[in-house]
Amino acid sequence: MPTEIPEPQASLFCEVLRVLEEKGFPYAVSGAFALRQHTGICRFTKDLDLFMTAATSRQVMPYLEQCGFTCEVRDPVWLSKVHKGEFFVDLITGMSNGVVVVDDSWIERANPAMVQGIKTRVLAPEELVASKIFVAKRERFDGADIAHVIYGTYPRFDWDRELELVGEHWEMLLWSLLLFRYVYPAQTNYVPASIWSRLLRKLQSEISKPDPKANFRGSLVDENMFAIDVNEWGLANLLEERRKRRMEEMQQRQLLQQQQMQEQQQQQQQPVNPPPQ
């Protein structure tokens, strides 16, 4: 496990995991614990990252509160926190830019693991990489983690799944792969030749026919480092648009779930006609 975790912090991690396992909530552990599982790298962590869908997070929060934890929504797009004392657990449903969203497949593909003595699961390496491709800020850059995951999971890494996860943001993946190639030139083949060719052909195509109407995307990477582009140079704030879209999607799904629950309750309340005599 990640090293030097204070006993009160480890106790909180264990308590939360045990509660979620006993109730059967679908989730997967990420962060330092998932990195250790896939790379062997062991490092201190200040929190426990639990990935789950937004729907699951809405169910988990009130249940954890009933169990004595303090819960708060920090950012409805992606993050809630579970506290007990000074330590906390993060409930993560995507990335803050609204681009990367956790769905059921992330949990279904998670790998079995033991965390804090609890039998649970960690994100598969492909989802772990997808969760890190936009972590490229001045104060934190996860490019090294991505390189280590690719190195540590060769040849098991599912590249088709990774391309599916990154979708239209394939250039962010290519950027990470170029860093991997620079760091590990002798292991260039850890990324299949077909993947290199596919991504480089797409890049060449985009370069040869640039779209003059393409959106500025800097704010999706770091809203602070690229703030001048939006605030002073007048470029579109794609981050704001993506977050707004994500909020609308979540509200629509929540409304649909509420309607379905109401219909189920109404059906259960309907009297059952006795069979004819």
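One cavity of 30 Å³ or more was found, a cavity being a set of points on a 1 Å grid over the protein atoms alone where a 1.4 Å probe fits but cannot get out. The model is predicted, so local features need pLDDT of at least 70 and side-chain atom pairs pLDDT 80 or more, whereas totals for chains, interfaces and linings use all residues. Residues are numbered from 1 along each chain as its sequence is written, and side-chain values use heavy atoms, without hydrogens or water.

The volume of the largest cavity, taken as the space filled by probe spheres set on the points, is about 70 Å³. Its lining (residues with an atom within 4 Å of a point) comprises seven nonpolar, two polar and two charged residues. Among them are Lys-132, Phe-141, Asp-142 and Trp-175. Helix H8 (170–183) gives the most to this lining, with three residues; helices are DSSP runs (H or I) of at least four residues, and strands (E) of at least two.

The largest nonpolar core, made of buried residues (under 20% relative accessible area, 1.4 Å probe) joined through side-chain atoms within 4.5 Å, has 73 residues. Helix H1 (residues 7–23) supplies its largest share, eight residues. Val-89 is among the residues with the most contacts inside the core. Beyond four places in sequence, Val-89 is in contact (heavy atoms within 4.5 Å) with residues including Leu-12, Phe-13, Val-16 and Leu-50.

Helix H3 has buried residues Ala-54, Thr-56, Ser-57, Val-60, Met-61 and Leu-64. Their cover includes H1, strand E5 (87–92) and helix H12 (238–269). Just after H3, Gly-68 takes a positive phi of about 100 degrees.

Conventions:
Buried means under 20% relative accessible area, exposed over 50%, partly exposed in between (1.4 Å probe, protein chains only). On a 1 Å grid over the protein atoms alone, a cavity is a set of points where a 1.4 Å probe fits but cannot get out, and a pocket is an open set with protein on both sides within 12 Å along at least five of seven lines; lining residues have an atom within 4 Å of a point. Ala, Val, Leu, Ile, Met, Phe, Trp, Tyr, Cys and Pro count as nonpolar, Asp, Glu, Lys and Arg as charged, and the others, Gly among them, as polar.
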